[in-house]
Every structure is written in C-alpha cells, then in structure tokens.
Amino acid sequence: MVKKVNLGKTDLSINPIGLGTNAVGGHNIYPNLDEQQGVDMVKAAIDRGVDFLDTAYAYGNGRSEELVGQAIAESGKRQEVVLATKGAHTDDGGKSNRPEFLKQAVDNSLKRLGLDYIDLYYIHFPDEDTPKYEAVGALQELKEAGKIRGVGVSNFSMDQLKEANQDGYVDVIQEHYNLFEREAEETYFPYVKKQGIGFVPFFPFASGLLAGKYEEDTTFPEGDLRHQKPEFQGEKFKENVRKVNELKPIADSYGLDTAQLVLAYYIHQEAIDAVIPGAKRKDQVFHNNKAADVTLDQATITRISQLFS
C-alpha cells in the first residue's frame, strides 16, 4: 500500500510518484506522438493509483491540457486526481507573470481541461518585470475563489522564490534537481523545509542518464539535445555511466532496477514531496510507480548520496 504524502502547504494528499505529461500532446517537444496512446496511458495511470498528474500550457500550446482533461473525464475519477498545470507563456513566445495575464491563463486552462477547478497551478517561468509577490497574490485570490487549490512557482531563483513567498502564499516549487545536479540541497531545501513549501524536482533522470540506459560507448544522433549537456561529454560521460552502474547492485538487493531505485531515493529526501517522471507508455508508468512502495534503509541512502557527492 502506497503511503500518501501531503503536497506542500496544501491539503492535497498524493502518491509521491506522479506522472509528467509533456509527452501527452506535447507535439512541440516530441515528434510523432500518438494522442490516443497518451490518453490511454493517463487513464491507466489513474486506474493504478497514480493520482498526481503534471501538465502545462507549454506542452503542445494547450494540447496536453486538453488530452489530460479528456483522460480524467473518461476515467470518472476526478475526485481522486490531483492535477497540476502551469502557465506564463504568451502567444508570441514571451513570458508574463502579470496578475491579469495569470488570471486569464487559469481560466483558459480550466476550459481546455474541462474542469471547474485546478488542484495546483504553477507560474511556469518568471518574467523580467512583474513583482513576484504580486503574481503569487493573483493566484492566491484565485485560490480563495476556489478556482485553484494550491499556488506553485517553477524555475524561480532563490531570490525570486523568497520575493514570491513574502506573504506566505507559495505552496509548492518545481525546480531542477537530480543526483548529478544537487545544488538545490544547499539553496532551496533549507528554505522550503523551514517554510513548509513542497519541492517537486524535474529532470529526475538527467535525460535518461540516471535510468541506467547507457553504456560508456553510447553515442547520440546529430542534433540530439544531449550533445549540448556537459554531463554527456567525453570522459565526464564515461565517469557518469560508471557511477550509475554502481547503483545496479544496490537496486538488485531491493528487487528494483536503477531507475526505480533513483526515484525511491528522491522521495526519501525530506524536502521532496513528489517526483513526476514522464512517460509515453503504460508500462513505463507502472514501472515507475513501483518505487512508491519501497523503503530504503539509511545506509543505502547514505551510500547513494556518497556515490554522487
């Protein structure tokens, strides 16, 4: 039985392994997506007890929201689902955190999702000129009006988070964190723990590196985004693959594979409320969800931390 957790300062109770849905309708991110497969995957996830779904306007310019909303409706389990979405992108490719923009963005998301409330709404990216407490204040008004149940921010620097939270309205932050990129442990974690803000990491597998997919001689096609990432370059890549390979015997001892062990490690971190690995197929969702049932002992947690220190 999965032990549920509370999401930040909200009253939302969730399975700590959620589902990121940028591959459901995110045609601007992934080519050749099968929309029906995406809807079926989300419905299957809900049926398996995956109750924390994460989408955004930016995933297919609203198409992901439409398909996720369709899946929730067809599942007949709206009350069992905690749905998070995000906004800030303007039609011309810019970003806005203006209160009037965010209020309209929430209304637009509600229409696309076919819902009468959103459980968690994030400001997806900061803009350059809106005071962050004003932006979050607008979401707080929507929370008080019942349109959203939780206020989130994403991609905010530590200074922006503190400014956004000056009235104590931020419930959750979604930020970059994985075993290769642990700066958040020093920057965000102390603050969010003190404030009761939930932390949800994105890129938990570091573009597949932490899923144990690669060998030292793995190469990537021309134009692949991994060519631009330092952790995939030359000797650094080989060293990283060796580190990940050292996780395999630890995973074996728990009856897991590397990806499941990594997810379990994350949700054992005090500051992290939930992880939202993405997926394109049902079997990937079921595979990831097994990590929610795992209890790691402290020696294992320490060993993994030291491997990636």
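Are Tyr177 and Phe199 buried or exposed? Both residues, Tyr177 and Phe199, are buried. The model described here is a predicted one.

## The annotated domain

The UniProt record, an unreviewed entry, marks residues 16-306 as "domain: NADP-dependent oxidoreductase". Helix makes up 40% of this span, and strand makes up 10%. The C-alpha atoms at the two ends of the span are 24 Å apart.

## The sheet

An open sheet is built from 7 strands. Their order is S3-S4-S5-S6-S7-S8-S9, and they pair in parallel. S3 and S9 are the edge strands, so named because each pairs on one side only.

Look at one pairing inside the sheet. Strand S5 covers residues 82-87, and strand S6 covers residues 120-123. They are parallel and joined by 4 bridges. Gly87 has Ile123 of S6 as its bridge partner.

## Aromatic pairs

The model has 14 aromatic pairs. One of them joins Tyr177 and Phe199. Their ring centres are 6.3 Å apart and their planes meet at 90°, so this pair is edge-to-face. Tyr177 lies in the loop between strand S8 (172-176) and helix H6 (188-195). Phe199 is in strand S9. The two residues are 22 residues apart, so the pair links distant parts of the chain. Tyr177 and Phe199 also belong to one aromatic cluster, together with Tyr188, Phe189, Tyr265 and Tyr266.

Phe220 and Phe232 make another pair. Here the centres are 5.5 Å apart and the planes are at 80°, so this pair is edge-to-face. Both residues sit in the loop between S9 and H7, 12 residues apart. Phe220 has a relative accessible area of 15%, so it is buried. Phe232 is at 7%, so it is buried as well.

## Charges over rings

Two lysines have a charged end over a ring. Lys95 sits over Phe125, with its charged end 5.2 Å from the ring centre. Lys229 sits over Phe203, and there the distance is 5.3 Å.

## Positive phi angles

Most residues other than glycine have a negative phi. Where does the model show a positive value in such a residue? Asn32 has a phi near 60°. Asn32 lies in the loop between strand S3 (19-20) and helix H1 (35-47). Its relative accessibility is 77%, so Asn32 counts as exposed.

Ser207 also has a positive phi, about 55°, and is not a glycine. Ser207 is in the loop between strand S9 (198-202) and helix H7 (234-245). Its relative accessibility is 27%, so Ser207 counts as partly exposed.

Note on methods. Residues numbered from 1 in each chain as written. Predicted model: local features only at pLDDT ≥ 70, side-chain atom pairs only at ≥ 80, totals over all residues. Heavy atoms only, no water. Buried < 20%, exposed > 50% of the residue type's maximum accessible area, 1.4 Å probe, protein only. UniProt positions renumbered as here; feature names shortened; annotations may be inferred. Pairing = 2+ DSSP bridges. Phe/Tyr/Trp six-rings, centres within 6.5 Å; stacked < 30°, edge-to-face > 60°. Lys NZ or Arg CZ within 6 Å of the ring centre and 35° of its normal.
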